[in-house]
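This report introduces a single protein chain to a reader who has not met it before. Please look over the sequence and the structure before reading on.

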Amino acid sequence: VLQIEAGLGEVGAEWTEEYNPLEAGLVRIISFTKGCYIGQEVVARLDSYNKVKQHLVGFVADQPIPPGAEFHDETRSTGRITRSTFSPELQKYIAIGYIRTAYANPGTRVTATYNDREHPLDIVKLPFTM
């Protein structure tokens, strides 16, 4: 619960080869001035041209949020929930997941779908405000 409330990713969930460090919100631990390392050029290019396609964000809801629930627009998937829990501190269901940059605005209401069931969610900035 605390890890999700803090907006921290987890290896195998938010931190996988599927997502780059800028998408995962790890810019604070990336060096743009240190010598060469694997992936440095790709990360620097994404940063320079502001081409991050998705962001790790928080979601709140009044009902449970199933991990794996997906967001879609008219033509494609725009993101998915990676982990969720109930926050006793916030008295709400909370989740973290990735959503395309165009939709990643705190305060925006989105709908995730899982097993043909819709889940209305509000996007919030990480970490969750206590």
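## Confidence of the model

The structure is a predicted model. Its chain has an average pLDDT of 89, and 98% of the residues reach a score of at least 70.

Confidence is not uniform along the chain: strand β4, residues 92–100, has the highest mean, at 96, whereas helix α2, residues 40–48, has the lowest, at 74. As a general caution, predicted coordinates should not be read in detail where pLDDT is low.

## The largest pocket

The largest pocket has a volume of about 490 Å³. Its lining is made up of 27 residues; those nearest the centre of the pocket are Glu23, Ala24, Gly25, His55 and Leu56. Sorted by class, the lining comprises 16 nonpolar, 7 polar and 4 charged residues.

Which elements each supply at least two residues of this lining? They are helix α2 and strand β1, the latter spanning residues 54–61. The largest share, 3 residues, comes from β1. Helix α2, which contributes to the lining, is also the element where confidence is lowest.

## The surroundings of Thr78

Thr78 belongs to strand β3, which covers residues 77–87. Is this residue buried or exposed? Thr78 counts as buried because its relative accessibility is 4%, and the cut-off for that class is under 20%.

Leaving aside residues up to four places away in sequence, Thr78 touches Phe71, His72, Asp73, Tyr98, Ile99, Arg100 and Tyr103. Among these contacts, Tyr98, Ile99 and Arg100 fall within the range of strand β4, residues 92–100.

Notes:
Residues are numbered from 1 along each chain as its sequence is written. This is a predicted model: local features need pLDDT of at least 70, side-chain atom pairs count only at pLDDT 80 or more; totals for chains, interfaces and linings use all residues. Side-chain values use heavy atoms; hydrogens and water are left out. pLDDT is the predictor's confidence in each residue, from 0 to 100. Helices (H or I, at least four residues) and strands (E, at least two) are DSSP runs, numbered from the N terminus. On a 1 Å grid over the protein atoms alone, a cavity is a set of points where a 1.4 Å probe fits but cannot get out, and a pocket is an open set with protein on both sides within 12 Å along at least five of seven lines; lining residues have an atom within 4 Å of a point. Grid points are joined across faces, edges and corners, and a volume is the space filled by probe spheres set on the points. Ala, Val, Leu, Ile, Met, Phe, Trp, Tyr, Cys and Pro count as nonpolar, Asp, Glu, Lys and Arg as charged, and the others, Gly among them, as polar. Buried means under 20% relative accessible area, exposed over 50%, partly exposed in between (1.4 Å probe, protein chains only). Contact means heavy atoms within 4.5 Å.
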